[in-house]
Amino acid sequence: MPVSPVDIAAASASLSVLKNRTPTSSGPEHDAAFAKLADTENGGVFSAKFQGTSAWERHPNGDELVQIIDGHATVTVLVDDEENKLEMNAGSFVVVPRGAWHRFEAPDGVEVMTMTPQPTDHWREDGLPPRADVE
């Protein structure tokens, strides 16, 4: 497999901003706001631009690296059944532990880059997701 650099700015320049993201967002507008930049051993490196609130998600096969490229987001991570609200700005990152439910809230918009293991579980219902019992 060839190894080559990825120009993050160029790769994300073609992305549209998904306005008013909700936990149930889908379709062409959603897809135009997300891009896979590279493959990894158990997932990929992704870029996204959105405004609003995501569904809760978790990754049972590994930690996820989340970096804020531009803007601001509150990333809420459930750890030991407690909501940890992380205020994140451009240049900051967090490692979300394997199996921890988390979501993004970006009322003014954000651009993120993630290194995400697959698969991704989603919780799109009201309230908090069930406890993360991932071994």
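Start with the whole surface: the protein exposes about 7700 Å², and carbon and sulfur atoms supply 51% of it (Shrake-Rupley areas, 1.4 Å probe). Keep in mind that this is a predicted model, where local features need pLDDT of at least 70, side-chain atom pairs count only at pLDDT 80 or more, and totals for chains, interfaces and linings use all residues. Residues are numbered from 1 along each chain as its sequence is written, and side-chain values use heavy atoms, with hydrogens and water left out.

Switch to cartoon next. You'll find two helices and nine strands, running α-β-α-β-β-β-β-β-β-β-β along the sequence (DSSP runs: H or I of at least four residues for helices, E of at least two for strands, numbered from the N terminus). Show the C-alpha trace and its principal axes: the span is about 40 × 35 × 30 Å.

Now color by burial. Buried residues, meaning those under 20% relative accessible area (1.4 Å probe, protein chains only), make up 40% of the 135 residues. Turn on contacts, i.e. heavy atoms within 4.5 Å: of those between residues at least 6 apart in sequence, 71% join residues at least 24 apart.

Last stop: select T114, in strand 8 (residues 102-117). Is T114 buried or exposed? At 9% relative accessibility, T114 counts as buried. Leaving out residues up to four places away in sequence, T114 touches G44, V45, F46, E64, L65 and V66. Then add T116: its side chain makes a polar contact with the side chain of T114 at 2.7 Å (a pair of N or O atoms within 3.5 Å, one able to donate a hydrogen and the other to accept it; residues adjacent in sequence count only if both atoms are side-chain atoms).

Definitions and conventions: Buried means under 20% relative accessible area, exposed over 50%, partly exposed in between (1.4 Å probe, protein chains only).
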